[in-house]
Amino acid sequence: MQVLKARRVTVTASIAIAASVLLVNRPAVAIEIISDPLPSDGQGPEMVVIPAGEFRLGDASGRGNDNERPQRTIVFAQPFAMGRYEVTFADWQKYADANKLPMPDNEGWGLSAQRPVIHVSWREAQAYTQWLSRETGARYRLPTEAEWEYAARGGSQSYYWWGDELDSSEQAPRAHCRGCASPRLLRNKTAAVGEFPANAFGLHDTAGNVWEWTASNFTQRFDGSETQSAGLLDNSPRTVRGGAWNSGPVYLRSSMRDLKQPHHRDYALGFRVLRELP
């Protein structure tokens, strides 16, 4: 098949990052965004290049759960690209139209095109990444749990990606959850992607909005599964990350883990995709 050339855009943004408990402004940084053209209809999801590096996986605060331990150092020798936003209904519509599939339930929340797609199982999310790979000639997949946490932290090791305290007001909320000072009109539904600040890697909504599927099996303590992708026929529970619009703030910490069966669907569960780089 013909491999179409991805559109690459470099944007400059000022990112707020944590220093101890306080938030400080970091100088403007360059964020590289990739978007692969789809032969049938427009562009694929916007992807942000995540730099190579290392981090400490899991809870360092002592306030996390036992399943967020033992902490271990994970090294990423190569960069990869991660969805700038959670996959939206608009993204999913292209896939559904191309494959003559019904659209998932949007709960009647209106203006759903830019909301994260919900009511999608792990296997359906996998099918979407396989379709993206076929369409673009690039390799798309769900992120492993370790890849997800590295990208979600944006270079931080704090409780939340922005610091150790929620420290949010309705005038400047940092995430969408129940108790995050989200605007009143959003409190019983998802928000459009990108309404809340990005982390230092340029990713939006890694805390709150919807839980996100990862590729990895869930284990009660880290045992190496967090760096691996589960098999398609494996029926073990999968790890979900990030918290959601109906979660309390404690569920938005960067190390927080939960589990769902791979066939599960609900109104607070979505995903974002990873694209491997040459």
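**A disulfide, a buried helix and two pockets**

The structure holds one disulfide. This is a predicted model, and the link in question joins C177 to C180, with 1.9 Å between their sulfur atoms. A disulfide, for anyone new to the term, is a covalent bond between the sulfur atoms of two cysteines. The bridge between C177 and C180 is right-handed, with 90° about the S-S bond. As for where the two partners sit, C177 and C180 are both buried.

Next comes helix 3, which spans residues 145–153. How many of its nine residues are buried? Nine of the nine are, so helix 3 is largely enclosed by the rest of the structure. The buried residues are E145, A146, E147, W148, E149, Y150, A151, A152 and R153, a list that has glutamates and an arginine in it as well as alanines. Right after the helix comes G154, with a positive phi of about 60°.

Helix 3 also turns up in the surroundings of F55. This phenylalanine belongs to strand 4, which covers residues 53–57. F55 counts as buried because its relative accessibility is 7%, and the cut-off for that label is under 20%. Leaving aside residues up to four places away in sequence, what does F55 touch? Its contacts are R72, T73, I74, F76, A146, E149, Y150, R153 and Q157. Among them, A146, E149, Y150 and R153 are also on the list of buried residues in helix 3. R72, T73, I74 and F76 are contacts of F55 too, and strand 5 runs over 72–76. F55 and F76 are 21 residues apart along the chain, yet their C-alpha atoms are separated by 8.8 Å.

The backbone has a few spots worth a look. In the loop between strand 4 and strand 5 sits P70, and the peptide bond leading into this proline from R69 is cis, with omega near -5°. Two residues other than glycine have a positive phi: K100, near 55°, and D205, near 65°. K100 lies in the loop between helix 1 and helix 2, while D205 is found in the loop between helix 3 and strand 8. Are these two buried or exposed? K100 is exposed, because its relative accessible area is 74% and the label applies over 50%. D205 goes the other way: it counts as buried because its relative accessibility is 4%.

That leaves the pockets. Rolling a probe the size of a water molecule over the atoms shows where empty space is left. The largest pocket has a volume of about 200 Å³. Which residues line it? They are Q43, G44, P45, E46, Y85, E86, T88, A90, D91, K94, Q114 and V193. By class, this lining is an even split, with four nonpolar, four polar and four charged residues.

The second largest pocket offers about 160 Å³ of space. Its lining is made up of W92, Y95, L101, P102, M103, P104, H119, V120, E124, A127 and R265. Helix 1 and helix 2 each supply at least two of these residues. Here the lining has eight nonpolar residues, along with one polar and two charged.

How values were computed: Residues numbered from 1 in each chain as written. Predicted model: local features only at pLDDT ≥ 70, side-chain atom pairs only at ≥ 80, totals over all residues. Heavy atoms only, no water. Helix = DSSP H or I, 4+ residues; strand = E, 2+ residues; numbered from the N terminus. Buried < 20%, exposed > 50% of the residue type's maximum accessible area, 1.4 Å probe, protein only. Contact = heavy atoms within 4.5 Å. Disulfide = S-S within 2.5 Å. 1 Å grid on protein atoms, 1.4 Å probe; cavity = no way out; pocket = protein on both sides within 12 Å on 5 of 7 lines; lining within 4 Å. Points joined across faces, edges and corners; volume = space filled by probe spheres on them. Nonpolar A, V, L, I, M, F, W, Y, C, P; charged D, E, K, R; others polar.
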